[in-house]
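Here is a short briefing to read alongside the sequence and the coordinates. Have the viewer open and follow along from the overall fold to a few single residues.

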Amino acid sequence: MKSLSLNAFLNTIRNILNMVFPIITFPYVSRILGAHNLGIYNFSNTYVNYFLLLAALGINTYAIREGAKYRDNREEINKFVGQIFSINLVATVISYLLLASTLILFNELKMYAICILIFSIQIIFTTIGVEWIYSIYEDYAYITIRSIVFKILSIILLFIFVKKPDDYLIYAGITVFASIGSNILNYIHINKFCDLKFTLNMHIKEHINPILIIFASNIAIMIYVNSDITILGLMKSAYIVGIYTVSTKIYSVLKTVLSSALIVTVPRLSMLFGKKKWDEYQKVASYVFNLLLMLTLPTTAGLIATSKNVIILMAGEKYASATCSLQLLSIAIIFSIFSWFYNDCILIPAKNEKIVLYSTIFSAILNILLNILLIPTFSLNAAAFSTIIAELVGMIISVHFGRKVITIQNLKHSFFTVIIASSFVYIVAILPNFLFSMNALLSLIVSAILSLITYVFILVFLKNEIMLSILKRKL
């Protein structure tokens, strides 16, 4: 069985690359394209994501949960993969038909049509990429290497071909290339695990109910993640969307990196739960929760303290008005990560996907209503505030039901030590803003170094078990 620590490390490397990519490219892109064209790019990407979600249904989560128990039996995994892949292909065709219909029916989309069509290429290639199979087998080494190659190629292409504001379509094409290239490689190498074939014998009755429940949950998540961008685009302007994009880009990158340790544990936790290995299941889940606590709270504190400098470094002074919205979204990271933990690591392996569905539907409705009510007056800050409330409500519901399945071990002491240490992180991180106010890069570097040293020192002093175990392994 592959090491969870190694998988977490590899997945973290992959997600750090996903973070480094926009750090390298976004300052360049935001300055070259300008807020208007960046807004068109981001709106189009967000719009196509709805149809990507439709094509994917709830297959990724369901396939990982159910496929984990077949991975040691080639014949059984072939049957399972064929059924799920075929359902996925049918959903993809439906998704394309609906996307084409909206482009024909709604005149408001004409301005975005070409960019939307470019992004839509991802839909079919995501389906044939079957990345969920690689997750079932925990093959994160391959995924990481593949990601490195295409990230490097994409960066090279970006700096060669994106030279002026009208090149936003080329930028969209490069983004798509990074995705479909990886998916093509996935398809080529899938034979090492199973035989990927379309079948008419899909066993739809067996699979469709849990798939649709997870799909409905994913829709609700997508809505309250992206409704702010969509409503800003409809109620305000592409310029406002472009400004807000800076905040959401940083928010999304950090959330993705923080969830790296979580994602790799889902197949393992699903397997442990399915085989009723309760002690090991609780031990792994508790470790992951406390690790996320240790990583998420100081990250939030540091980002709130340094938001303005992060934005200036990422996109330039003209995007500084996104500072407040980024600070608000920083708070939402906490609620999002722990809601995700209870949903993906506790409730879904326990086959309580209906609870996840109800939670996310309620959060999505609340987020949309708040966006509609507040965005006309408070613009992008209202969008960020609505995200906080939606994520908070979702987390409260998930924790309430998740605690009936599992009790997190060593939580009180871990929470106490992390809260104290994170408070010092905020204080230490904000001081360089005053000392180096004219140099955003120097201020951020000093803040990061001092915050990290302070945080580790305080956690060691307070005897935080996770930090002590990490340091013992390194020393």
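The protein has 17 helices and zero strands. Please keep in mind that this is a predicted model. The radius of gyration is 22 Å, in agreement with the value near 23 Å for a compact globule of 475 residues.

**Overall dimensions and contacts**

- Along the principal axes, the C-alpha atoms fill a box of roughly 65 × 60 × 45 Å.
- Of the contacts with a separation of 6 or more, 85% join residues that are 24 or more positions apart.

**Burial and the nonpolar core**

- Of the 475 residues, 57% are buried.
- The largest nonpolar core holds 127 residues.
- If you would like a place to start looking, Trp132, Ile133, Ile250 and Phe341 are the residues with the most contacts inside this core.
- Helix H12, spanning residues 278-315, supplies the largest share of the core, with 16 residues.

**Surface and charge**

- The accessible surface comes to about 20,900 Å², and carbon and sulfur atoms account for 71% of this area.
- There are 35 positive and 20 negative side chains.
- The centres of these two sets of charges lie 4 Å apart.

**Two loop residues with positive phi**

- Most residues other than glycine have a negative phi.
- Val130 is not a glycine, yet its phi is positive, at about 35°.
- You will find Val130 in the loop between helix H4 (113-129) and helix H5 (131-136).
- Val130 is buried, because its relative accessible area is 0% and the cut-off for buried is under 20%.
- Asn410 also is not a glycine and has a positive phi, of about 60°.
- The loop that holds Asn410 runs between helix H14 (353-402) and helix H15 (411-435).
- Asn410 counts as partly exposed, because its relative accessibility is 47%, and partly exposed covers the range between under 20% and over 50%.

**A glycine within a helix**

- Gly181 is part of helix H7, which covers residues 168-189.
- With a relative accessibility of 9%, Gly181 counts as buried.
- Gly181 and Val149 are 32 residues apart along the chain, and their C-alpha atoms are separated by 9.7 Å.

Definitions and conventions: Residues are numbered from 1 along each chain as its sequence is written. This is a predicted model: local features need pLDDT of at least 70, side-chain atom pairs count only at pLDDT 80 or more; totals for chains, interfaces and linings use all residues. Side-chain values use heavy atoms; hydrogens and water are left out. A nonpolar core is a set of buried Ala, Val, Leu, Ile, Met, Phe, Trp, Tyr and Cys residues joined through side-chain atoms within 4.5 Å. Buried means under 20% relative accessible area, exposed over 50%, partly exposed in between (1.4 Å probe, protein chains only). Helices (H or I, at least four residues) and strands (E, at least two) are DSSP runs, numbered from the N terminus. The radius of gyration is taken over C-alpha atoms; the globule rule is 2.2 Å times the number of residues to the power 0.38. Contact means heavy atoms within 4.5 Å. Accessible areas come from the Shrake-Rupley method with a 1.4 Å probe; for residues, only the protein chains shown count as cover. Lys and Arg count as positive and Asp and Glu as negative; His and the chain ends are not counted. The place of a charge is taken as NZ of Lys, CZ of Arg, CG of Asp or CD of Glu.
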